[in-house]
Amino acid sequence: MKDINFLDWGLISYADAWKQQTDLFNHLIAAKIAGEPYENLIITCEHPHVYTLGKSGKENNMLLGEAQLKAIDATLYYIDRGGDITYHGPGQLVCYPILNLEDFHLGLKEYIHRLEEAVIDVCAHYGIIAERMEKATGVWLDINTSRVRKICAIGVRSSRYVTMHGLALNVNTALRYFSYIHPCGFIDKGVTSLQQELHQEVNIEEVKELLKQNLVRCLG
C-alpha cells in the first residue's frame with residue numbers, strides 16, 4: 001500500500017474546496033496515466049452552510065427557493081458525485097480522499113464499504129452503535145426501528161480508479177438545516193450527530209484524528 005498524506009483545509013467555502021480537489025483529482029489521473037509520481041491524499045475540512053445535489057439527485061428534494069436559501073445564509077451547488085442532496089456546515093467533519101484505488105487493491109464498492117467501516121469505528125469509540133443499511137450508502141443508527149437516523153453521508157466520484165468527494169460526519173452540526181431538504185432523497189428517515197447522541201459538544205479535532213487513524217487502517 002502507498003503512503004497517504006493528510007491535508008487540513010479548516011473552514012473553507014464549498015466552491016474553493018470543490019475547485020481545489022478537482023485540480024488535485026485531475027493531476028493524480030494525469031500523473032497515473034503518464035507514469036509520473038503522485039500523492040494519495042486525504043483532505044479534511046468544514047464548510048459554511050451549503051447544500052449539494054449529486055448527479056442522480058432530484059431537485060424537489062431541496063425544499064427552499066433561492067430567497068429562502070439566502071435567508072438562512074446557505075447556498076446550493078449541483079455537483080458531479082453520486083447520490084442525492086445533502087447538507088454541509090460548521091461542526092460537520094468533511095473528508096475528501098483523493099486516492100488511486102489500485103494502490104490499495106480496492107474497487108469502488110469495497111472502497112465505500114471501507115469508508116463506512118472507518119466511521120462506524122469512530123462512533124464505537126464514543127459508545128455509539130452505528131451500522132450500514134442495505135440499499136442506503138452512509139452510516140446509520142437504529143436501522144431496524146422507526147427511529148432510524150443517519151450520522152454520516154457518503155458520496156463519491158471516480159475515474160480511472162481515482163476518487164474525489166467523500167464523506168460528511170455530523171459532529172456538532174446544526175441539524176435544523178437538514179429539515180429544509182429530503183436528506184439523500186429520504187423522507188422517512190432522520191439525521192443525527194455525535195453531539196445529539198452524546199448530549200454534549202464533541203471535540204472535532206479529536207474526531208478528526210480518530211477518523212484519520214481509522215481510514216489508514218481500513219484502507220490498508
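Which strand gives the most to the lining of the largest pocket? Keep that question in mind while you open the structure, which is a predicted model, and begin the tour at the pocket itself.

**First stop: the largest pocket**

Select Arg81, Gly82, Gly83, Ile154 and Gly155, which are the closest to the centre of the largest pocket among the 24 residues that line it. The volume of this pocket is about 290 Å³. Now colour strand S5 (85-88), strand S6 (92-98), strand S8 (136-141), strand S9 (149-159) and strand S10 (162-170), since each of these supplies at least two residues of the lining. The answer to the opening question is S9, with five residues in the lining of the largest pocket. If you colour the lining by residue type, you should find 12 nonpolar residues, eight polar ones and four charged ones.

**Second stop: asparagine 40 and strand S2**

Move next to asparagine 40, which belongs to strand S2 and counts as buried, with a relative accessibility of 2%. Show its side chain and follow it to the backbone nitrogen of asparagine 100, which it reaches at 2.7 Å. Beyond the residues up to four places away in sequence, asparagine 40 touches a set of residues that includes Lys2, Asp3, Ile4 and Asn5, as well as Leu28, Ile98 and Phe104.

**Third stop: threonine 44**

Stay in strand S2, which covers residues 40-46, and select threonine 44. Is threonine 44 buried or exposed? With a relative accessible area of 2%, threonine 44 is buried, because buried here means under 20%. Show the side chain of aspartate 8 as well, and you will see a polar contact of 3.0 Å between it and the side chain of threonine 44. Leaving aside neighbours within four places in sequence, the residues in contact with threonine 44 include Leu7, Trp9 and Gly10, together with Leu93, Val94 and Cys95, and also Lys208 and Lys212. For a sense of distance across the model, select glutamate 117 too: it is 73 residues from threonine 44 in sequence, and the two C-alpha atoms are 17 Å apart in space.

**Fourth stop: the cysteines**

How many disulfides does the count come to? The count comes to zero. Select cysteine 45 and then cysteine 95, whose sulfur is the nearest cysteine sulfur to that of cysteine 45, at 8.6 Å; because a disulfide needs two cysteine sulfur atoms within 2.5 Å, cysteine 45 is in none. Cysteine 45 counts as buried, at 2% relative accessibility. Then go to cysteine 152, which is also in no disulfide, the nearest cysteine sulfur being that of cysteine 123, 7.7 Å away. Cysteine 152 is buried, with a relative accessible area of 0%.

**Last stop: histidine 47**

Finish with histidine 47, which you will find in the loop between S2 and strand S3 (50-53). Although it sits in a loop, histidine 47 is buried, with a relative accessible area of 0%. Two partners of its side chain are worth displaying. The side chain of tyrosine 96 makes a polar contact with the side chain of histidine 47 at 2.7 Å, and the backbone oxygen of isoleucine 12 lies 2.8 Å from a polar atom of the histidine 47 side chain. To see the wider surroundings, add other residues in contact with histidine 47, among them Leu11, Ser13, Tyr14 and Ala17, and also His88, Gly89, Pro90 and Val94.

Notes
Residues numbered from 1 in each chain as written. Predicted model: local features only at pLDDT ≥ 70, side-chain atom pairs only at ≥ 80, totals over all residues. Heavy atoms only, no water. Helix = DSSP H or I, 4+ residues; strand = E, 2+ residues; numbered from the N terminus. Buried < 20%, exposed > 50% of the residue type's maximum accessible area, 1.4 Å probe, protein only. Contact = heavy atoms within 4.5 Å. Polar contact = N/O pair within 3.5 Å; in protein donor to acceptor, adjacent residues only side chain to side chain. 1 Å grid on protein atoms, 1.4 Å probe; cavity = no way out; pocket = protein on both sides within 12 Å on 5 of 7 lines; lining within 4 Å. Points joined across faces, edges and corners; volume = space filled by probe spheres on them. Nonpolar A, V, L, I, M, F, W, Y, C, P; charged D, E, K, R; others polar.
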